[in-house]
Structure formats: C-alpha cells, structure tokens
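Here are my notes on the model you sent round. I've kept them as numbered points so you can reply to each in turn.

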Amino acid sequence: TGGHTTEILRLLSCLSESYSPRHYVLADSDKMSEAKIRSFEQKRAETFSESQFSLDRIPRSREVRQSWISSVVTTLYSILYSLPLTYKRKPDLILCNGPGTCVPVCLSAFLLGLLRIKRTIIVYVESICRVETLSMSGKILYYFSDYFIVQWPDLKKKYPKSVYLGRIV
Amino acid sequence: FRFKDSLAEELRSADLVISHAGAGSCLETLEKGKPLIVVINDKLMDNHQLELAKQLHRDGYVLYCNCSTLVETLQSMDLSALKPFPPGQPEKFASFLDKVFGLQ
C-alpha cells in the first residue's frame with residue numbers, strides 16, 4: 001500500500017540487474033501500488049532492456065487495527081493462499097518492508113525452507129516511520145528473516161540482531 | 001481541494017508547509033527542501049505517526065506544535081534554524097545486498 005510501495009521502490013532503485021526477474025506481490029484491495037510499480041519498471045526498462053517483472057495479488061491478511069484473534073485466522077488463510085505462489089516462484093530473495101501482505105508471503109517461504117523445498121533469503125526493511133517501535137509485521141518477522149534492517153539507531157539498540165545502515169529511502 | 005494524486009506542484013511553489021504528522025507528507029516536503037511545521041492532532045493520538053515527527057524535530061529538521069499553539073508558532077518561528085534534510089541512501093542498501101549475495 002501507498003507509503004510502503006514508495007519506500008520499497010526506493011530501495012529497489014539502486015539494485016543491479018542481477019536482481020531480476022522481480023515478482024511483486026500486492027494485496028487484492030490495493031488500488032494505487034500497481035500504477036507506481038509499472039511506472040518504476042517502465043523507467044527501469046529504459047536503462048536495462050532485459051528487465052522483467054510480474055505482479056501477483058493475494059488476499060489482504062490484516063486490516064489496520066484488526067483484532068488479534070481474527071488477524072491470526074486471516075493470516076493463516078493468507079499463508080495457505082501464498083504457498084502455491086511462493087512455490088511457483090521459488091524466489092532466491094524476498095524483500096519486504098512491513099505491510100500486512102508481507103507476513104504470509106515470508107512465512108510461506110520460511111515454511112518451504114523448513115521443508116527443504118527452497119531456501120529463500122528473507123530481507124525485511126522496517127519503514128522509515130518506525131523510529132522507536134517496530135510495526136506488527138516487524139515484530140513477527142524479526143524472528144523469521146535472515147536480515148532485519150532498521151533505519152534509526154534506537155531500534156538497533158532495542159533489536160540487537162538487526163542491521164542499521166542509516167536512512168536508506 | 002480534498003484529495004490529489006500528487007502534491008509535487010504545490011510543494012514546488014510553496015515557501016512554507018504546515019502539515020499533519022504523516023510520514024509521506026513530512027518526508028516529501030523535507031526532500032523538496034521546504035521549511036515544515038508539523039501539527040500534531042492531540043485527539044487523534046496515533047502514536048506511531050508521532051515517532052517520526054518527534055525524531056525529525058529532535059534532529060532539527062522541522063518545527064512542531066499542536067492545533068492550539070500553531071498561531072504562536074507561526075509568530076515566533078525562526079525558519080533559518082531548521083537544518084537541511086539529507087536524502088536517504090538506497091545505494092547503501094544495494095551495497096549491503098550485493099555483499100549478502102556475493103555480487104561485489
């Protein structure tokens with residue numbers, strides 16, 4: 001959604017073409033991100049002609065401020081829904097920055113890793129908005145990601161296993 | 001107007017921006033190099049939104065007030081005391097990922 005998409009596209013802006021093809025996963029309710037992504041990829045195709053990407057949609061796993069219990073149910077449903085997608089794409093890398101959508105995708109990849117089907121590196125970048133506390137997605141994925149990146153020093157202190165590179169968006 | 005896809009035009013011609021504490025608004029304004037006063041809505045205490053506004057204020061990039069102190073802030077503000085906002089560095093992220101994948 002909105003801010004998350006803008007941030008993640010900035011993160012992608014300096015990546016080389018080794019990070020290709022790019023598979024974007026969006027919530028089915030997200031209306032605005034697709035246009036931003038297409039615009040970004042179009043610009044990218046001007047420099048890197050072999051550039052490839054795809055877009056997939058999954059049901060939104062959690063509404064903002066949705067209750068804890070119903071979140072568990074909807075997230076489980078989203079994980080099951082994401083499994084075939086993650087299995088099909090078998091990504092080498094999953095990059096995410098916090099929208100609810102990313103949790104089931106990452107957890108499904110984590111599961112495929114446990115089952116020795118595909119080992120995906122999960123890189124989570126917490127949003128620049130998070131200065132002192134982690135988002136819900138961050139709190140969960142702190143334990144499931146290979147690299148957990150924070151953008152403010154307070155968070156690095158609170159979450160010592162995280163990586164601090166300063167502001168990267 | 002109530003809603004527009006992009007405020008880039010308005011931002012470009014503004015001399016001062018007064019905004020709520022939304023991250024997108026704050027960062028977009030700072031990146032365009034415009035002085036910014038962030039107004040906190042005391043009644044809509046979304047704490048997570050405040051984190052960024054408070055930090056930006058602590059670092060000297062924005063002025064900070066609530067609805068009732070806005071007029072006083074406007075009267076006594078010293079915009080030259082605001083520090084220029086350095087851009088984020090996605091190249092550091094790219095470099096980090098390249099190391100992870102042995103692509104250096």
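1. Start with E41(A), which is found in helix 2 of chain A. Is E41(A) buried or exposed? E41(A) is buried, because its relative accessible area is just 2% and the cut-off for burial is under 20%. Leaving aside residues up to four places away in sequence, E41(A) touches R22(A), Y24(A), S51(A) and F53(A). Its C-alpha also sits 9.9 Å from that of S13(A), although the two residues are 28 apart in sequence. Bear in mind for this and everything below that you're looking at a predicted model.

2. Now the surroundings of that helix. Strand 1 of chain A, helix 2 (residues 33-47) and strand 2 of chain A together make a β-α-β unit, and the unit is right-handed. Strand 1 (residues 22-27) and strand 2 (residues 53-58) of chain A run parallel, with six bridges joining them. If you want register checks, L26(A) has R57(A) as its bridge partner in strand 2, and A27(A) stands opposite I58(A). On pairing of this kind in general, strands of a sheet are held together through backbone hydrogen bonds, in either parallel or antiparallel fashion.

3. Which side chains of strand 2 of chain A point to the buried face? They are S54(A), D56(A) and I58(A). The side chains alternate along this strand, and F53(A), L55(A) and R57(A) point to the other face and are not buried. So F53(A), one of the residues that E41(A) touches, belongs to the set that is not buried.4. There's a second sheet topic further along chain A. Four strands form an open sheet in the order 3-4-5-6, with parallel pairing. Strand 3 (93-96) and strand 6 (163-164) of chain A stand at the edges with a single partner strand each, so one side of each has no neighbour in the sheet. In the interior of that order, strand 4 (residues 121-125) and strand 5 (residues 147-150) of chain A run parallel and are joined by three bridges. For the register here, V125(A) stands opposite I149(A) of strand 5.

5. Stepping back to chain A as a whole, there are six helices and six strands, and along the sequence they follow the pattern α-β-α-β-α-β-α-β-α-β-α-β. The radius of gyration is 16 Å, close to the 15 Å that the globule rule gives for 169 residues, so chain A is as compact as a globular protein of that length. The C-alpha trace spans about 45 × 35 × 35 Å along its principal axes. Buried residues account for 51% of the 169 residues. Of the contacts in chain A between residues at least 6 apart in sequence, 61% join residues at least 24 apart.

6. One annotation deserves a look. An unreviewed UniProt entry lists residues 67-87 and 93-115 of chain A under "transmembrane region". What does the model show for residues 67-87 of chain A? That span is 95% helix and 0% strand, and its end C-alpha atoms lie 29 Å apart. Residues 93-115 of chain A come out as 57% helix and 17% strand, with end C-alpha atoms 17 Å apart. I'd keep the record's label and the model's geometry as separate items in the write-up.

7. On to chain B. How many helices and strands does chain B have? It has five helices and three strands, and from the N terminus on the elements run α-β-α-β-α-β-α-α. Buried residues make up 39% of the 104 residues in chain B. Taking contacts in chain B between residues at least 6 apart in sequence, 44% join residues at least 24 apart.

8. Helix 5 (residues 90-100) of chain B has P90(B), F93(B), A94(B), F96(B), L97(B) and D98(B) as its buried residues. In general, an α-helix has 3.6 residues a turn, so residues three or four places apart point the same way. After helix 5 of chain B comes G102(B), where phi is positive, near 65°.

9. Last, confidence. The model scores ipTM 0.91 and pTM 0.89. Chain B averages a pLDDT of 85, and 89% of its residues score at least 70. Among the elements of chain B, helix 5 has the highest mean pLDDT (97), while helix 1 (residues 8-13) has the lowest (80). As a general caution, predicted coordinates should not be read in detail where pLDDT is low.

How values were computed
Residues are numbered from 1 along each chain as its sequence is written. Chains are lettered from A and ligands numbered from 1 in the order in which they are written. Side-chain values use heavy atoms; hydrogens and water are left out. Buried means under 20% relative accessible area, exposed over 50%, partly exposed in between (1.4 Å probe, protein chains only). Helices (H or I, at least four residues) and strands (E, at least two) are DSSP runs, numbered from the N terminus. Two strands pair if DSSP finds at least two bridges between them. A crossover is right-handed if, with the strands pointing away from the viewer, the path from the first strand over the helix to the second runs clockwise. UniProt positions are given in the numbering used here, feature names are shortened, and annotations may be inferred rather than shown by experiment. pLDDT is the predictor's confidence in each residue, from 0 to 100. The radius of gyration is taken over C-alpha atoms; the globule rule is 2.2 Å times the number of residues to the power 0.38. Contact means heavy atoms within 4.5 Å.
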